[in-house]
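Thank you all for coming; I would like to walk through one structure this morning, moving from its surface towards its interior. Please have the viewer open, and stop me wherever something is unclear.

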Amino acid sequence: MFFNVLKAKDLVSYEKDQFEKNVLLTNNDSILSAIALKKDAIIDTHTSTRDAAVYVIDGEIELHFDAEKFKIEKGEILMFKKNKEHKVVALKNSKFFLIKI
């Protein structure tokens, strides 16, 4: 069995860089990562090879899919299918979980 209690807000910080990623768990093709982005930082356009969910721990981000934008705030989750090109923009200093399945 694997048990570990973690404080989500302490898993990553935006003190050093515009972007920080901490891979917390992997299992076969599934990955759980914690990500921090400073305000106005951008994760450039890319495509996920797995279905994914983004859960905002703190702050506010925007995900851009083609012509659609989704603003996600603290406590909200956005799920999307693999092979969807997108980019991420931090509207505030933000921390979020990225779950790829």
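Asn 83 is an exposed residue, because its relative accessible area is 55%, and its place is in the loop between strand 7, residues 77-80, and strand 8, residues 85-90. Please keep in mind throughout that we are looking at a predicted model. The backbone at Asn 83 deserves a moment, since its phi is near 65°, a positive value in a residue other than glycine. As general background, most residues other than glycine have a negative phi. A second case is Asp 40, where phi is near 75°, again positive and again in a residue other than glycine. Asp 40 belongs to the loop that runs between strand 2, residues 30-37, and strand 3, residues 42-47, and with a relative accessibility of 55% it counts as exposed.

Staying on the surface, which residues form a nonpolar patch there? They are Tyr 55, Ile 77 and Met 79, which together have about 320 Å² of accessible area. Ile 77 is located in strand 7, and since its relative accessible area is 47%, it is described as partly exposed.

Let me now turn inward. In general, the nonpolar side chains of soluble globular proteins tend to be buried together. In this model the largest nonpolar core has 17 residues, and the members that touch the most others are Leu 37, Val 54, Ile 61, Leu 63, Phe 80, Val 88 and Phe 96. Two or more residues of this core come from each of strand 2, strand 4 (52-58), strand 5 (60-65), strand 7, strand 8 and strand 9 (94-100). Apart from this core lies another one, of seven residues, including Tyr 14, Ala 34, Ala 36 and Ile 57.

Phe 80 is worth following further: it is buried, with a relative accessible area of 10%, and if we leave aside its neighbours within four places in sequence, its contacts are Ser 48, Asp 51, Ala 52, Val 54, Leu 63, Phe 65 and His 86.

That brings me to the aromatic rings, for which a search of the whole structure finds two pairs. In one of them, the ring centres of Phe 65 and Phe 70 are 5.9 Å apart with the planes at 75°, so the pair is edge-to-face. Phe 65 counts as buried at 7% relative accessibility, whereas Phe 70, at 32%, counts as partly exposed. The other pair is Phe 65 with Phe 80, whose centres are 5.1 Å apart and whose planes stand at 65°, so this pair too is edge-to-face. Here distant parts of the chain are linked, with Phe 65 in strand 5 and Phe 80 in strand 7, 15 residues apart. Taken together, the ring pairs link Phe 65, Phe 70 and Phe 80 into a cluster.

I will end with a serine: is Ser 33, in strand 2, buried or exposed? Ser 33 is buried, because its relative accessible area is 1%. Leaving out its neighbours within four places in sequence, Ser 33 is in contact with Lys 21, Asn 22, Val 23 and Leu 24, and also with Phe 96, Phe 97 and Leu 98.

Notes: Residues are numbered from 1 along each chain as its sequence is written. This is a predicted model: local features need pLDDT of at least 70, side-chain atom pairs count only at pLDDT 80 or more; totals for chains, interfaces and linings use all residues. Side-chain values use heavy atoms; hydrogens and water are left out. Helices (H or I, at least four residues) and strands (E, at least two) are DSSP runs, numbered from the N terminus. Buried means under 20% relative accessible area, exposed over 50%, partly exposed in between (1.4 Å probe, protein chains only). Patches are made of residues with over 30% relative accessible area and no salt bridge: like charges are joined within 9 Å, nonpolar side chains (Val, Leu, Ile, Met, Phe, Trp, Tyr) within 5 Å. Accessible areas come from the Shrake-Rupley method with a 1.4 Å probe; for residues, only the protein chains shown count as cover. A salt bridge is a side-chain nitrogen of Lys or Arg within 4 Å of a carboxyl oxygen of Asp or Glu. A nonpolar core is a set of buried Ala, Val, Leu, Ile, Met, Phe, Trp, Tyr and Cys residues joined through side-chain atoms within 4.5 Å. Contact means heavy atoms within 4.5 Å. Rings of Phe, Tyr and Trp (its six-membered ring) pair if their centres lie within 6.5 Å; planes under 30 degrees apart count as stacked, over 60 as edge-to-face and the rest as tilted.
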